[in-house]
Amino acid sequence: MYEFLSLRVKCPICNELLMDEEHLVDNEASIKLNIEMGDKTGTIFLSSIYGSYNYICDIDLPSGGVASFICTHCHAQITSQVECLTCGASMVPFYLEMGGKVAICSRAGCKNHAVEFTDLSDALKRLYQEYGFRGRNYPKPEERPVIKAEKKEDEFKEIIESGTLLQTYCPHCLKSLIEDDMIKLDITNENNEEGVVMLSPYLNVFTSKSTVFLKEHETLKDLKCPHCHKSLKMEEKHCDWCGSPIAKINITARTKFIDFYICTKKGCRWHGLSDDDLYDIKIEDSLEW
Ligand SMILES: [Zn+2]
Ligand SMILES: [Zn+2]
Ligand SMILES: [Zn+2]
Ligand SMILES: [Zn+2]
């Protein structure tokens, strides 16, 4: 239900909030910490999306290395006696703003993490208050705009409003790309690792997560349909904002399938329609959510 849950965490020592609203990872506020690995020190911004392992870091974190995480407020190392059940490295605990704890493994590349709520019914109540059933950024179903036609002088122009659930299909096999309320696509990252990226299906909601590490501001090597495995990338077309290659998916408008383009660069919020459709369809501009 809470597929794109963004967790707000605090230092367990000084209780200060560790969220950074300026450095977005997976298009949400990140968790900012100082980090040490070997003889290098730096700053890391971890994804706050539950189940995402993406981050931005100014030092290299070789897979398998164990890092120390240091609070940017009290400068204490955040660590515990608890060992990771997967790899034996120490777990790094944080308090959740909504109550409870989350812990991550200190070894780069280890995906073990644990969330504990001190009072589950209390946490669920707060989750519901903050997120509703669909997540914080999603309009409530009854408020969700529907695609509507607007009569303007003597032409009909269809406007797809922000927050509209985009029914999304593969342009090759026409199968739906939506599963569990997310757009799911097969991807290849710059290290040739294959995984799945999950995108919000709501227009102008840009939250995402992935099963393999995706560096912010890097271009995906490939995006494929999970059904027919054909590539969705269009080498000949480029993003209007950043120049990266774009990918094509189909969405349903009021009367027909239309081409919908998304940028392949992580974090880029550009999207567009084909020139043919621009005449009778308009997508509402991104709002700050
Ligand atoms: Zn602290
Ligand atoms: Zn581990
Ligand atoms: Zn397909
Ligand atoms: Zn772009």
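A residue counts as buried when its relative accessible area is under 20%, as exposed when it is over 50%, and as partly exposed in between. Keep that in mind for the close-ups below, which all come from a predicted model.

**View 1. Four cysteines hold the zinc ion (ligand 2).** Welcome to the first metal site in this tour. The sulfur (SG) atoms of Cys84, Cys87, Cys105 and Cys110 lie 2.2 to 2.3 Å from the zinc ion (ligand 2). The angles among these four donor atoms run from 99 to 121°, and the site is tetrahedral. Along the chain, the donor residues show the spacing C-x2-C-x17-C-x4-C. Cysteine 87 sits in the loop between β6 (68-70) and β7 (91-96), while cysteine 105 belongs to strand β8 (residues 101-105), so this pair ties together parts that are 18 residues apart in sequence.

**View 2. A closer look at cysteine 87 and cysteine 105, two donors of the zinc ion (ligand 2).** Are these two residues buried or partly exposed? Cysteine 105 has a relative accessibility of 7% and is therefore buried, being under the 20% limit. Cysteine 87, at 27%, counts as partly exposed.

**View 3. Four cysteines also surround the zinc ion (ligand 3).** Here the donors are the SG atoms of Cys170, Cys173, Cys225 and Cys228, lying 2.3 Å from the metal. Their angles around the zinc ion (ligand 3) are 101 to 116°, which makes the arrangement tetrahedral. The spacing of these donors in sequence is C-x2-C-x51-C-x2-C. Cysteine 170, in the loop between β12 (168-169) and β13 (178-179), and cysteine 228, in the loop between β17 (222-224) and β18 (233-238), link distant parts of the chain, 58 residues apart. Cysteine 170 is buried, with 0% relative accessibility, whereas cysteine 228 is partly exposed at 26%.

**View 4. Cysteine 74, a partly exposed residue.** The relative accessible area of cysteine 74 is 28%. What does a search for disulfides find in the whole structure? It finds zero of them.

**View 5. How confident is the predictor along the chain?** The average pLDDT of the chain is 84, and 83% of the residues score at least 70. Among the chain's elements, β6 has the highest mean pLDDT, 97, and strand β10 (residues 148-152) the lowest, 49. Please read residues 133-144 with care: their pLDDT is below 50. In the model, this stretch has 25 contacts beyond near neighbours in sequence.

Technical notes
Residues are numbered from 1 along each chain as its sequence is written. Chains are lettered from A and ligands numbered from 1 in the order in which they are written. This is a predicted model: local features need pLDDT of at least 70, side-chain atom pairs count only at pLDDT 80 or more; totals for chains, interfaces and linings use all residues. Side-chain values use heavy atoms; hydrogens and water are left out. Donors are N, O and S atoms within 2.8 Å of the metal (3.2 Å for Na, K and Ca); water is not among the atoms, so sites may look incomplete. Four donors count as tetrahedral if all angles lie between 85 and 135 degrees; four count as square planar and six as octahedral if opposite donors are over 155 degrees apart and all others between 65 and 115; anything else is irregular. Helices (H or I, at least four residues) and strands (E, at least two) are DSSP runs, numbered from the N terminus. Buried means under 20% relative accessible area, exposed over 50%, partly exposed in between (1.4 Å probe, protein chains only). pLDDT is the predictor's confidence in each residue, from 0 to 100. Contact means heavy atoms within 4.5 Å. A disulfide is a pair of cysteine sulfur atoms within 2.5 Å.
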